Amino acid sequence: MNLIDLRSDTVTKPTPEMRIAMAQAEVGDDVYGDDPTVNKLQELAAQMAGKESALFVPSGTMGNLAAILAHCGRGDEAMLGDKAHTFLFEAGGISALGGIHSHQLPNQPDGSLLLADLEAGLRPDDDHFPPTRLILLENTHNRCGGTYQTPAYNKQVRDFSDQHGIKIHLDGARIFNAAVAQNLPLTALTEHVDSVTFCLSKGLSAPVGSLLCGTKDFIYKAHRARKMLGGGMRQAGILAAAGIVALTTMVERLSEDHARARKLADGLHEMRDLELESPATNMVFVTLRDSVKKSAIEIAEELKARGLLVGKVSERRVRMVTHYGINDGDVKDALAAWHAVLS
Ligand code: TLP
């Protein structure tokens, strides 16, 4: 059976053009800074993000961790959302490996943090408290439904952080989805943050890798953190070559994923057993209403038997993510599978 895999956009496979670029990539030892393809990817990423410098890392998780280690020392505090990927799904790395205290603030339904909460979250300059060093934002926001934040919001947080001498790191794993959804250049969403991580191996379909971008001094520190974390790769140009194809050919097409997510949501919306969250980008979240007597796990198993893979978020909530591997026919078939399972 041909499975329709909506568990995540991380399941995307490299495009034929990526495979050719990988086979032909010029490589060198990147720990010596000798890999020309990695260097080219880093220059391209820095230029696209409007930052001085960039660093190729194996994953979004390592990008965020290296960034936070570069911004904060042991005992410092980072303010972040209680639904932030870094807080929920990165194995507590910032505290386990960095000794960094996380201060969770409530994420609003659109993924933002209220300025009033940031203000109240600031620690006084007093021996009893860890110093507040960093604000962590996420755009698009995964657990808040793939929602996006605007440049105006970023600017407000920037003004606040400047008043208090705090840095901002953006987990922009899917920042290109946020940019395409708002019809903005990437720089409009990165200009107000000190550093940003974005992923090549989600909607952009590269097999591996993320980029961390910021000032030269910041990337110098993050480079050391990457080595400490075991992320210094050798002939990584093979991977970077796919990343260059991702950044140069796969960004604009994300709008197709957004359109398919809307189509999927529209179809699911007609099913009375489901409560829909209107998709802002490529994620569709549904909650099973009380009329559904089965759990999300059972529903997911039944959908799987009909060829559809979905992500189980909780007892009653399911996530579906559209991506390069999903076409209009798949959306239709996915709706038919839901229909059959709920009827
Ligand atoms: N997210 C994955 C899972 O870990 C949940 C997914 O399927 O969505 N930031 C954000 C906002 C993410 O969504 C992810 C991955 C990461 C960071 C981590 O990226 P990787 O998987 O490359 O470490």
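This briefing covers the salt bridges, some backbone features and one histidine environment of the structure above. The model is predicted, and every value below is computed from its atoms. The salt bridges come to 16 in total, and among them are pairs that join parts far apart in sequence, including D9 with R174, whose parts are 165 residues apart, and R226 with D30, whose parts are 196 residues apart.

**Salt bridge between D9 and R174**

- The side chains of D9 and R174 form a salt bridge with an N to O distance of 2.9 Å.
- D9 belongs to the loop between strand 1 (4-5) and helix 1 (16-24), while R174 belongs to the loop between strand 6 (167-171) and helix 8 (175-181), so the pair ties together parts that lie 165 residues apart in sequence.
- Both partners, D9 as well as R174, are buried.

**Salt bridge between R226 and D30**

- R226 and D30 meet through their side chains in a salt bridge, at 3.5 Å from N to O.
- Because R226 sits in helix 10 (residues 216-228) and D30 in the loop between helix 1 and helix 2 (36-49), this pair ties together parts that are 196 residues apart in sequence.
- R226 has a relative accessible area of 2% and is therefore buried, a class that takes in values under 20%.
- D30, with a relative accessible area of 4%, is likewise buried.

**Salt bridge between E277 and R317**

- A salt bridge links E277 to R317, and the closest N and O atoms of the two residues are 3.1 Å apart.
- This pair ties together parts that are 40 residues apart in sequence, because E277 is in strand 9 (residues 274-277) and R317 is in strand 13 (residues 317-321).
- The partners fall into separate accessibility classes: E277 counts as partly exposed at 27% relative accessibility, whereas R317 counts as buried at 17%.

**Salt-bridge network**

- Beyond these pairs, a network of salt bridges links E256, R260, K263 and D328.

**Backbone features in loops**

- The peptide bond that runs from N139 to T140 is cis, its omega being near 0 degrees, and T140 is located in the loop between strand 5 (132-138) and helix 7 (151-164).
- A91 is not a glycine, yet its phi is positive, at about 60 degrees, and the residue lies in the loop between helix 4 (85-88) and helix 5 (93-96).
- With a relative accessibility of 74%, A91 counts as exposed.
- S205, also a residue other than glycine, has a positive phi near 75 degrees, and its place is in the loop between strand 7 (195-199) and strand 8 (210-214).
- Whereas A91 counts as exposed, S205 counts as buried, its relative accessibility being 0%.

**Surroundings of H71**

- H71 is part of helix 3 (residues 60-71), and at a relative accessibility of 15% this histidine counts as buried.
- When residues up to four places away in sequence are set aside, the contacts of H71 are L134, K167, I168, H169, D194, S195 and F218.
- Among these contacts of H71, L134 falls within the range of strand 5 (132-138), while K167, I168 and H169 fall within the range of strand 6 (167-171).
- S195 falls within the range of strand 7 (195-199), and F218 within that of helix 10 (residues 216-228), the helix that also holds R226.

Definitions and conventions:
Residues numbered from 1 in each chain as written. Predicted model: local features only at pLDDT ≥ 70, side-chain atom pairs only at ≥ 80, totals over all residues. Heavy atoms only, no water. Salt bridge = Lys/Arg side-chain N within 4 Å of Asp/Glu carboxyl O. Helix = DSSP H or I, 4+ residues; strand = E, 2+ residues; numbered from the N terminus. Buried < 20%, exposed > 50% of the residue type's maximum accessible area, 1.4 Å probe, protein only. Contact = heavy atoms within 4.5 Å.
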